[in-house]
Structures are given as structure tokens and as C-alpha cells.
Amino acid sequence: MLLTEYRPFQVDKKLVEASIRKNKPLIVSGVIQRAEAENQNGRIYPMEILRREVQQYIEGPIKERRALGELDHPESAVINLKNASHNIKELYWDGNDLMGKIEVLPTPSGNILRELFNNAITVGISSRGMGSVEPLGEGRVEVQDDFELLCWDFVSTPSTHGAFVRPVGLNEGYNPKTATKYKRLNEIISDIICTQSGICCLR
């Protein structure tokens, strides 16, 4: 099953403009995922499983500078280089919060992402991975040990509580607006496929 985990993502317009003017990469940072907490899809990622996958991601894609993500989720587990918009430079833990530094790339999709930020558009940051879930009751499910983390994508649906990223260098007084929440059609389709086949893509 394809599993995704959404978080709202906002940046400061002045820093985006400065990045464009100086022709320098735009680097944003903030919480990109949270362990041991129910997300708005009713999923819980155990710390032990998420920490394992994050460490493998650090030692593999990040170390080798191939920690790419796309602008919007595709309908597969394959990372499409034609749609790459960003590269994750660093991941580290702050309690149960997974923090990240992300470089927006000068690709077609990266340029679109930069312009969305430049126009104060709130987008989501969402993990993508493969694995199964176990029902816990009351609409909640827990991600299981077969979970495999693939990447993080920028998406139109911010659905995780209380997580925002900022451009590096933005002062601690930054107070982003709460993002509007809505469901995506492909989540419904994925859930239907998961129910019928038992194989799900974790987002």
C-alpha cells in the first residue's frame, strides 16, 4: 500500500525573492514528519520503524546526493526524475519530530515550487513509502514493520497538524497561517485499491 504523510509547508516571500535575485539555491527547513502521533489519515508511524527508515535514507540517498522528491505525488512508487523539484540535504530528530533541510532545485518543477512559495502559497510536505497497516480501532491504523521509506514530495494537501518549514535564516518569530485542509481524490482511489488488493502504497 502507498502511504503518505502530509505536513503544511510555508516559507518567507522575502527570502524566496532574495534567492532569485542572488541566483542562489532556496533552502527551507522545518518539521517534515512526526513519529508516534496520529496523522489526519488516521495513521500512526511507530518511532522504531520510522527511525530505522530515516537512518537508511540518511546513509543512502542523502549521503549520495540523490534524496530527490517530486512536485505532487505520482501514482506509483517510482521517483520520476522529470518531475524532481527538490533534494533533501539533512534530516535529524527533535524528540518525535523529524526535522529536515531541503534544497529547491532549478528544475521545471522546482521553479514552479519556488514561484508557489514566492506567492505565499501553502503547500504540503508528504512522505511516500510502501508497506502495510494494522487496524487499531476507531479509524486508526498503525504502520507495520515492512514499511519502506521512498522519499518526500511537495503536494497540494497539507493534512498533518502543526508542522511548518521555513527558509534557513528566518528568525524564530515567524508565525505561519494555518493551512486549509482538504482530501485528495487519489487518496480515495489508493484506499479502494488497498482494500481490494491488500497491497498499499504508504503516504
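**Exercise 1. Determine which residue of β9 stands opposite Ile44, and place the pair in its sheet.**

Solution. Ile44 stands opposite Glu142 in β9. The model is predicted, so local features need pLDDT of at least 70 and side-chain atom pairs count only at pLDDT 80 or more, whereas totals for chains, interfaces and linings use all residues. Residues are numbered from 1 along each chain as its sequence is written, and side-chain values use heavy atoms, with hydrogens and water left out.

Step 1: identify the elements. Helices (H or I, at least four residues) and strands (E, at least two) are DSSP runs, numbered from the N terminus.

Step 2: establish the pairing. Two strands pair if DSSP finds at least two bridges between them. Strand β9 (residues 140-143) and β3 are joined in the parallel sense by 2 bridges.

Step 3: extend to the sheet. An open sheet is formed by 3 strands in the order β3-β9-β8, with mixed pairing. Its edge strands, each paired on one side only, are β3 (43-44) and β8 (133-137).

**Exercise 2. Describe how strand β2 is covered and how it is joined to β6.**

Solution. Step 1: assess burial. Buried means under 20% relative accessible area, exposed over 50%, and partly exposed in between (1.4 Å probe, protein chains only). Of the 9 residues in β2 (residues 26-34), 8 are buried.

Step 2: examine the partner. β2 and strand β6 (residues 97-104) run antiparallel and are joined by 8 bridges. Within this pair, Ser29 stands opposite Lys101 in β6.

Step 3: follow the chain onward. Glu36 lies in the loop between β2 and β3. Its phi is positive, near 60 degrees, although Glu36 is a residue other than glycine. Glu36 counts as partly exposed because its relative accessibility is 46%.

**Exercise 3. Identify the residues that touch the most other members of the largest nonpolar core, and the elements that contribute to it.**

Solution. Step 1: define the set. A nonpolar core is a set of buried Ala, Val, Leu, Ile, Met, Phe, Trp, Tyr and Cys residues joined through side-chain atoms within 4.5 Å.

Step 2: name the residues. The largest such core holds 30 residues, of which Tyr57, Ile88, Leu91, Phe117, Phe147, Trp152 and Phe154 touch the most other members.

Step 3: list the contributors. Two or more residues come from each of β2, α2 (47-62), β5 (84-94), β6, α3 (108-118), β7 (123-130) and β10 (148-155). The greatest contribution is that of α2, with 6 residues.

Step 4: inspect α3. Its buried residues are Ser109, Gly110, Leu113, Arg114, Phe117 and Asn118. After α3 comes Ala120, whose phi is positive, near 60 degrees.

**Exercise 4. Classify Glu70 as buried or exposed, and list its contacts beyond its sequence neighbours.**

Solution. Step 1: locate the residue. Glu70 belongs to strand β4 (residues 68-70).

Step 2: classify. Glu70 counts as buried because its relative accessibility is 2%.

Step 3: list the contacts. Contact means heavy atoms within 4.5 Å. With neighbours within four places in sequence left aside, Glu70 is in contact with Val78, Ile79, Asn80, Asn83, Ala84, Ser85, His86, Arg128, Trp152, Asp153 and Phe154.

Step 4: consider one partner. Asn83 is 13 residues from Glu70 along the chain, and their C-alpha atoms are separated by 5.4 Å.

**Exercise 5. State how many helices and strands the protein chain contains, and what percentage of its residues is buried.**

Solution. Step 1: the protein chain contains 4 helices and 12 strands. Step 2: buried residues make up 51% of its 203 residues.
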